[in-house]
Amino acid sequence: KSVASSKCAVRWSSHALLAGCCVVQLGTMDRGVVSELSDAALEMLSDPKDLQAQKHLTAELMHHKDMVHLLAVFYVPPAEKEKFVDAWLDAAEEVVKEKGNRVLALRKVATDNSRFYCYGTWDSWAALHEHEESKHHKKLVKFVDSHNIVHFGFPLRKIGHQKE
């Protein structure tokens, strides 16, 4: 099922997000191209229930020292817009206090009140993983899941030599 289908809820787990994957709740996985990862690590992710593969992938990613840039996309039902923004702002107050967080921003398309984009930067994969284990992140994910908000995330890659 595609992300656009109305009944297809999408969520990202820390392992799938770190790998550049989008995991659909039905258990299917669409692997993204992430050249920093070994082919073996990505191949091991063909089974999303493979805990050994997840541990291997996480261990491999935790050795990367580069900053991590993340884009999360939220499709919010119109009746949930204000509640979503409030929940996101509550979580953001805590995220910006995290030791490894550099940037956090929520944006929306100017002409569309249902599509929101969250951009964040962390010092490392380990810092992002710590963020995902935080109470405020889990609380926001629980809110999003319980309010029929379709969401998914993508790690972004820096292109060029511009300053971080």
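The following exchange examines strand pairing and nonpolar cores in a predicted model.

Colleague: Why are β4 and β6 called paired strands?

Modeller: Pairing requires at least two bridges between two strands. Strand β4 (residues 68-75) and strand β6 (residues 115-122) share eight bridges, so they meet that requirement, and their sense is antiparallel. One of the positions concerned is Val68, whose bridge partner in β6 is Trp122.

Colleague: What makes β5 a partner of β6?

Modeller: Strand β5 (residues 101-108) and β6 are linked by seven bridges in the antiparallel sense. The cut-off is at least two bridges, and therefore this is also a pair. Ala105 stands opposite Tyr119 in β6, and a hairpin of six residues joins β5 to β6.

Colleague: Why is the set that includes Phe74, Phe84 and Trp88 called a nonpolar core?

Modeller: A nonpolar core consists of buried nonpolar residues joined through side-chain atoms within 4.5 Å, and 15 residues form the largest such set here, so the name applies. Phe74, Phe84, Trp88, Val144 and Ile149 have the most contacts inside it. At least two residues each come from β4, α4 (81-95), β6 and α6 (135-146). The largest share, five residues, is supplied by α4.

Colleague: How do you know that Ile149 touches Phe74 and Phe84?

Modeller: Contact means heavy atoms within 4.5 Å, so Ile149 meets this limit with both Phe74 and Phe84. Leaving aside residues up to four places away in sequence, Ile149 also touches Tyr75, Val76, Pro77, Phe143 and Val144.

Colleague: Which residues does the second core include?

Modeller: This separate core has seven residues, among them Val68, Val95, Trp122 and Leu128.

Conventions
Residues numbered from 1 in each chain as written. Predicted model: local features only at pLDDT ≥ 70, side-chain atom pairs only at ≥ 80, totals over all residues. Heavy atoms only, no water. Helix = DSSP H or I, 4+ residues; strand = E, 2+ residues; numbered from the N terminus. Buried < 20%, exposed > 50% of the residue type's maximum accessible area, 1.4 Å probe, protein only.
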